[in-house]
Amino acid sequence: MIRRQRLAAGVCALLAALTAGLAFPAPAAADETEQAAPKVELVLDVSGSMRTRDIDGGTRMAAAKQAFNEVLDATPEEVRLGIRTLGANYHGNDRKTGCKDTAQLYPVGPLNRTEAKTAVATLVPTGWTPIGPALLKAADDLNGGDGTRRIVLISDGEDTCQPLDPCEVAREIAAKGIGLTIDTLGLVPDAKTRDQLSCIADATGGTYTSVQHKEELVDRVGQLVDRAADPVVTPVATEGAAECAKAPSLKSGLYTDREEFGQQRWYKVDVNPGQELRASVSVADDRAVNPDYGVLLRAVTVRGREIVRGEAAGNGRTDVMSTGLRYPRPESDDENATAETVCLEVTNSFSAASGVKTTPGLPLELTVDAVDGPSKASDVASFGLGRGWWLLGALVLAGFVAGLLWGWLSRWRVAVWRTN
């Protein structure tokens with residue numbers, strides 16, 4: 001009887017809770033914000049050289065079609081995907097016409113897998129290789145919105161539409177500060193193709209991959225499409241000043257800028273008492289540079305006194321030079337203490353190789369973060385273990401007790417064995 005009464009009371013309480021939930025629905029959390037959908041455009045080279053049979057016994061075009069079909073099946077629902085071709089429609093020999101041959105095969109948007117696969121199946125290797133014009137059009141296809149934007153370029157040869165250098169096109173796209181990344185894949189590439197595709201990727205912070213087999217192509221394209229769906233921090237374009245007094249004030253976040261060879265760029269950050277400023281900078285040498293170079297990041301007061309610095313140097317070809325610094329500001333007993341303005345100076349010692357353009361400047365990425373510092377001296381213990389000493393002591397004690405028990409059990413078993 002008692003159990004039945006408790007069961008009835010529980011059911012009544014559950015119904016009451018459900019009724020209250022329906023009558024007064026819980027408000028949405030204030031910090032819930034809908035992320036913009038990531039956009040990806042696959043740019044495929046359909047020039048005549050894609051007929052070549054050197055990928056697992058089949059043509060390069062067949063390998064690309066198979067990769068597209070498998071990637072389309074696995075594309076995350078939230079990704080807005082499009083497909084653009086280059087060299088797919090013009091059969092003639094007129095260079096001027098052939099270098100305009102780029103078209104959007106499937107528009108960037110919600111993916112209809114059947115329609116996209118049908119469009120890819122119709123492709124036949126045909127014409128020229130206008131990589132530069134295709135990249136410009138692809139950037140326009142992805143324009144608008146705040147989500148991740150990525151171009152995945154698949155080609156088996158270098159651009160045939162010079163003097164529009166696709167590497168310069170990629171630098172112009174990066175200079176716009178729209179946060180667009182270009183990843184490149186070379187199908188059985190020669191040295192010139194490899195250099196050109198690497199340059200395109202480096203200019204926008206993307207990656208280059210050389211592909212020899214179908215499985216490699218499928219895996220790599222799939223990884224790049226999936227990467228677009230990962231939550232990322234979108235860099236904010238900023239413009240540093242020539243002196244601290246005119247520098248932009250930055251909050252915690254990720255910023256992009258351009259820096260000329262040997263130029264100084266200044267930024268300002270406010271640090272409250274008890275906070276620690278953490279800053280890092282990366283400068284990409286996205287073109288041929290002379291050996292022996294470096295990057296310097298300094299934190300100074302508004303009066304010019306250096307607080308701390310970070311620096312890195314190199315003497316060979318590296319894609320990126322990075323350095324960072326940390327500045328912990330002490331707590332203040334003054335309740336009216338205000339934020340301290342810290343000036344960040346970024347300097348590079350790169351120099352352009354002969355015949356290399358110096359504009360636009362080198363891509364620069366700056367990360368700024370002001371976090372709460374340690375609240376007590378005990379938070380930082382000897383030898384860097386901090387509060388890990390408690391765990392270490394507990395483990396030692398547990399090991400000692402376990403050793404005693406094991407020794408006692410061993411002696412008891414030996415005694416029993418001798419008795420029997």
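Two strands count as paired when DSSP finds at least two bridges between them. Keep that rule in mind as we walk through this predicted model.

**The whole chain.** Start with everything shown as a cartoon. The protein chain holds nine helices and 18 strands. Of its 420 residues, 40% are buried. About 23,400 Å² of the chain is exposed, and carbon and sulfur atoms supply 55% of that area.

**An open sheet.** Next, find the sheet built from five strands, which is open and runs in the order S9-S11-S18-S13-S16, with mixed pairing. Which strands stand at its edges? Select 236-237 for S9 and 320-328 for S16: each has a single partner strand, so one side of each is left without a neighbour in the sheet.

Now add residues 253-259, which make up strand S11. S9 and S11 run parallel and are joined by two bridges, so they just satisfy the pairing rule of at least two. Zoom in on Val 236, and you will find it opposite Tyr 255 in S11.

**Strand S17 and its partners.** Move on to residues 340-348, strand S17. Are they mostly buried or exposed? Eight of the nine residues in S17 are buried.

Select residues 264-271 to see strand S12, which pairs with S17 in the antiparallel sense over eight bridges. Look here for Trp 266, whose bridge partner in S17 is Glu 345.

Then select 293-301, strand S14, which is also antiparallel to S17 and pairs with it over seven bridges. Finish at Thr 301, which stands opposite Val 342 in S17.

How values were computed:
Residues are numbered from 1 along each chain as its sequence is written. This is a predicted model: local features need pLDDT of at least 70, side-chain atom pairs count only at pLDDT 80 or more; totals for chains, interfaces and linings use all residues. Side-chain values use heavy atoms; hydrogens and water are left out. Buried means under 20% relative accessible area, exposed over 50%, partly exposed in between (1.4 Å probe, protein chains only). Helices (H or I, at least four residues) and strands (E, at least two) are DSSP runs, numbered from the N terminus. Accessible areas come from the Shrake-Rupley method with a 1.4 Å probe; for residues, only the protein chains shown count as cover.
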